Amino acid sequence: MRLVHIGFGKTGTTTLQNNIFPNICKQLQIPYLEYETYYEKNNFKKIDCSPLEGRNFKPLPKNFIMSSESLIGEKWQMREMVGAFEINKLFFDKECQILIVIRKPSDIFNSIYIQNIHNFNIVKEENFFINKDEKNLNEEDRNKFNLKDFSFKKIIDLYKSHYKKVIVIKYENLENFKFISELVPKNKTFNNDYLKGKFSRRFNKSFS
């Protein structure tokens, strides 16, 4: 299994990272990698699109799982996600299986706005979401969410154009872990029910 979970955020990511992926790796006896410790920084370049910017390339092991909701793009805006895709191609070869978890856009945008308020960027909802061409953005707009061209389909098609296997899971269907069973080698035993119990313990619940 060579699985790279790249996003989106607000889709049970913390629970996957704390309870699920480490247990899968333990069962399959493969490493669970965190990009922060696996890829060394080579400078203090300001991150524009991807957390891998300014990090040294390093060959990946034969089998592994890596997970970060930022790998799809730092703030999940279209320009950043397209830029992150180009960077991901440099770090993850075509044989890597890409996992993308999606959620109803209104739920994601609601969570993004609430998190924004929690971070003391106090702005009315109608002023936080904008719809502008990239060339028309000003400095103030950088702290807002640009809905221009946002599309799950565009991002999924982009990854499918390069990677041999792209797994797309709806957040609502995540906890049955059917996608994991399909990835596990035939000669490996795997306890899916154990994972379901682990998933019931949630981390990092959204603000309301």
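**A tour from L60 to helix α3 and strand β4**

Setting aside neighbours within four places in sequence, L60 makes contact with R2, L33, Y38, Y39, M66, F91, F92 and C96. Select L60 together with these residues as the opening view of this predicted model. L60 lies in the loop between α2 (35–38) and β3 (64–67). Its relative accessible area is 17%, and L60 is therefore buried, the cut-off being under 20%. Next, add D93 to the selection: D93 is 33 residues from L60 along the chain, and the C-alpha atoms of the two are separated by 9.0 Å.

From F91, one of the contacts of L60, proceed to helix α3, which comprises residues 78–91. Does the span of this helix agree or disagree with the value expected for its 14 residues? At 1.5 Å a residue, helix α3 should span 20 Å; the C-alpha atoms at its ends are 20 Å apart, so the two values agree. Now colour the buried residues of α3, namely M78, E80, M81, G83, A84, F85, I87, N88 and F91. To see part of what covers these buried residues, display α6 (152–160), which is included in that cover.

The last stop is Q97, in strand β4 (residues 97–102). Is Q97 buried or exposed? Q97 has a relative accessible area of 16%, which means that it is buried, since this value is under 20%. Finally, select the residues that Q97 touches, leaving out those up to four places away in sequence: M1, R2, L3, V4, K165, I167 and L183. R2 also appears among the contacts of L60, which returns the tour to its opening view.

Conventions. Residues are numbered from 1 along each chain as its sequence is written. This is a predicted model: local features need pLDDT of at least 70, side-chain atom pairs count only at pLDDT 80 or more; totals for chains, interfaces and linings use all residues. Side-chain values use heavy atoms; hydrogens and water are left out. Helices (H or I, at least four residues) and strands (E, at least two) are DSSP runs, numbered from the N terminus. Buried means under 20% relative accessible area, exposed over 50%, partly exposed in between (1.4 Å probe, protein chains only). Contact means heavy atoms within 4.5 Å. The expected span of a helix is 1.5 Å times one less than its number of residues.
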